[in-house]
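Visitor: I'd like a close look at a single part of this model, the place where the two chains meet. Could you walk me through that, and then show me what sits behind it?

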Number of protein chains: 2
Amino acid sequence: MEEIKLEKGDFRKNIAVAGLGLIGGSCTKALRRTKTGKIFGIDIDSGVLDKAAGCGAIDDGAVDAQAILQKSDIVIIALYPRETIEFIKDNAGHFKPGTIITDTCGIKEPIIEAAIKYLPKNVEFVGGHPMAGNEFQGFDAASPELFFDTNYIITPHDRNSGEGIRVIERLAALIGCRRVTRVEARAHDRIMSLVSQLPHIVAVSFANLAVGEKDMSVFMGRSFMDVTRVSVLNRELWTQILEMNNSNIIDRIEDMIDILQKVKNALSEQDKNSLQILFDNAVKGKRMCLY
Amino acid sequence: MEEIKLEKGDFRKNIAVAGLGLIGGSCTKALRRTKTGKIFGIDIDSGVLDKAAGCGAIDDGAVDAQAILQKSDIVIIALYPRETIEFIKDNAGHFKPGTIITDTCGIKEPIIEAAIKYLPKNVEFVGGHPMAGNEFQGFDAASPELFFDTNYIITPHDRNSGEGIRVIERLAALIGCRRVTRVEARAHDRIMSLVSQLPHIVAVSFANLAVGEKDMSVFMGRSFMDVTRVSVLNRELWTQILEMNNSNIIDRIEDMIDILQKVKNALSEQDKNSLQILFDNAVKGKRMCLY
């Protein structure tokens with residue numbers, strides 16, 4: 001893995017962020033701490049733009065993208081997947097030649113396809129996925145620390161230049177990410193179904209199982225709180241993600257059911273040996289997540 | 001729920017803790033901050049006793065339980081379930097008349113049964129379960145804050161006097177627990193299979209699914225870290241728990257498989273309505289865990 005070093009003056013560029021929610025808002029707040037050019041905001045909610053300008057996270061903002069895009073060297077689209085695709089489509093002709101555009105979606109193949117389909121060749125789209133977030137939403141929950149020590153994935157495609165990718169890699173380092181990795185969009189979407197989507201589905205499932213139980217709060221411990229932390233989904237976002245990564249996610253649910261069946265069989269048959277193998281593998285798997 | 005108020009001098013009693021691991025060690029450290037009589041430790045590892053005495057967590061300790069038990073008014077057995085039963089059996093004749101004995105096991109029916117079977121009538125056993133813990137083990141991981149703001153369950157049985165239960169309730173408040181609740185042992189074991197054991201099994205399952213995936217650490221986000229936090233089990237403890245609460249746990253695994261099947265079907269059939277119902281129920285379930 002290549003270490004990314006920021007050079008002085010690298011980011012004296014104007015950066016627009018479209019969508020000032022948790023991710024976009026955190027981008028503006030993180031960027032504000034660095035030496036960039038202007039930071040612009042685009043959001044359908046003018047109240048959010050006022051708030052962002054009021055706290056100094058952006059220099060200027062607009063509900064209308066076009067005026068902002070004319071002034072921006074880098075554009076970070078921090079919208080839900082479907083809205084990201086619409087933004088690309090609607091503004092395909094509004095970007096300045098040479099603009100480097102990136103997104104923040106947790107699903108990459110449909111986004112890359114749309115970017116290749118709609119964008120002119122005088123701009124460059126780099127698919128990005130900051131592996132950050134929490135169970136809250138909106139600009140108020142946004143924090144300059146959100147990306148601190150997190151992973152950032154870039155999904156290169158045929159139309160990418162090395163330079164465009166390097167700019168977004170530096171951007172990721174600038175907002176605080178620990179590690180930036182390049183991976184093919186298809187592989188990204190497959191692994192995310194395990195690493196992100198299945199945990200969310202399991203959280204929803206656990207919370208469903210809690211319904212009908214009496215006095216749940218009395219019995220709460222940390223394991224259950226952890227496993228249900230993300231059980232209240234951002235519906236619009238998650239409906240889109242589950243739809244767009246449908247077949248990968250279905251595969252992963254099947255994998256989870258298979259392994260739960262194995263545990264169940266080992267318990268039913270008091271098969272301590274199989275149970276130990278599952279415990280052993282868990283140690284291996286957990287270690288792989290850490291290093 | 002009855003609020004527990006500690007009265008002055010209430011705990012000027014000698015308390016023995018058997019097993020100075022994470023839970024027992026934390027008990028001694030938490031008690032040391034309060035006005036008790038002497039705090040004694042019993043552990044098979046004399047090195048741990050030295051360490052506990054060295055840091056002032058206990059006044060005195062011994063590998064042999066008998067001498068300590070003669071001096072103790074309250075005994076907290078903080079051992080694994082099977083060892084708790086053995087301790088009760090082996091020391092049944094060594095407790096002082098009037099001693100109040102409690103345990104800290106996450107499984108209660110077999111413990112209560114053993115206590116009723118083995119203990120003489122001149123001592124009182126109160127089943128207890130501090131809903132605290134983490135993924136670490138041993139006295140070094142023990143903390144006086146471990147119980148802070150956690151739930152504590154007491155599982156009364158036919159032989160209990162009100163007074164014995166109240167002493168353990170006060171003890172729970174004394175070590176920092178937020179809320180103490182009384183519940184029948186059978187109900188406790190059933191709910192724990194959902195609230196504690198199933199999350200651990202799911203953590204193990206997730207970690208198993210990570211094996212064979214490449215570059216897991218690169219894709220790590222908080223959801224997956226949370227859901228695998230407890231995936232490296234304390235084998236001895238968990239083998240005992242899974243064995244002793246076998247049929248409840250098998251039921252819960254089946255419930256989880258059922259609900260995952262529902263999610264899978266909703267996704268396969270692009271059935272947004274069913275998906276929304278699952279999301280709605282998750283909100284309800286999550287709320288029930290909180291209040």
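Guide: Here is the chain interface, followed by the sheet and a few residues behind it.

A word on ground rules: this is a predicted model, so local features need pLDDT of at least 70 and side-chain atom pairs count only at pLDDT 80 or more, while totals for chains, interfaces and linings use all residues. Residues are numbered from 1 along each chain as its sequence is written, chains are lettered from A and ligands numbered from 1 in the order in which they are written, and side-chain values use heavy atoms, with hydrogens and water left out.

Let's start with the whole interface. On chain B, 84 residues are in contact with 84 residues of chain A (contact means heavy atoms within 4.5 Å). Together the two chains bury about 8200 Å², and 68% of that is on carbon and sulfur atoms; buried area here is the accessible area, with a 1.4 Å probe, that two parts lose on being put together, summed over both. The rule finds 13 salt bridges across the interface of chain B and chain A, against a count of 38 over all chains. A salt bridge, for this purpose, is a side-chain nitrogen of Lys or Arg within 4 Å of a carboxyl oxygen of Asp or Glu. There are also 30 residue pairs in polar contact between chain B and chain A, both residues at pLDDT 80 or more. That term covers a pair of N or O atoms within 3.5 Å; within protein, one must be able to donate a hydrogen and the other to accept it, and residues adjacent in sequence count only if both atoms are side-chain atoms.

Which elements of chain B give two or more residues to the side that touches chain A? They are β7 (151-155), β8 (179-182), α7 (185-210), α8 (222-227), α9 (235-244), α10 (246-268) and α11 (272-290). The largest share, 17 residues, comes from α7(B). Helices (H or I, at least four residues) and strands (E, at least two) are DSSP runs, numbered from the N terminus.

Now zoom in on the charged pairs. A:Asp226 forms a salt bridge with B:Arg229, with the closest N and O atoms 2.5 Å apart. This pair crosses from helix α8 of chain A to the loop between α8 and α9 of chain B. Both A:Asp226 and B:Arg229 are buried (buried is under 20% relative accessible area, exposed is over 50%, partly exposed is in between, using a 1.4 Å probe and protein chains only).

A:Arg222 and B:Glu135 also meet through their side chains, at 4.0 Å from N to O. Here the link runs from helix α8 (residues 222-227) of chain A to the loop between β6 and β7 of chain B. A:Arg222 counts as partly exposed at 44% relative accessibility, and B:Glu135 is partly exposed at 30%.

Next comes the salt bridge between A:Lys272 and B:Glu243, 3.2 Å from N to O. A:Lys272 lies in helix α11 (residues 272-290) of chain A and B:Glu243 in helix α9 of chain B, so this pair joins two chains. Both ends are partly exposed, A:Lys272 at 43% and B:Glu243 at 29%. As for shared partners, salt bridges join A:Arg222, A:Asp226, B:Glu135 and B:Arg229 into one network. One further cross-chain pair is A:Arg235 with B:Asp280, at 2.7 Å from N to O.

Behind all this, chain A has an open sheet of 8 strands in the order β3-β2-β1-β4-β5-β6-β7-β8, with mixed pairing. Its edge strands are β3 (60-62) and β8 (179-182), each pairing on one side only. Two strands pair if DSSP finds at least two bridges between them. Strand β7 (residues 151-155) runs parallel to β8(A) and is joined to β8(A) by 4 bridges; one of the matched pairs is A:Tyr152 with A:Val180.

Further into the sheet, A:Phe125 lies in strand β6 (residues 124-130) of chain A and is buried, at 3% relative accessible area. Beyond the neighbours within four places in sequence, the contacts of A:Phe125 include A:Ile101, A:Ile112, A:Leu119 and A:His157. A:Thr99, in the loop between α4 (81-90) and β5 (100-103) of chain A, is buried too, at 1%.
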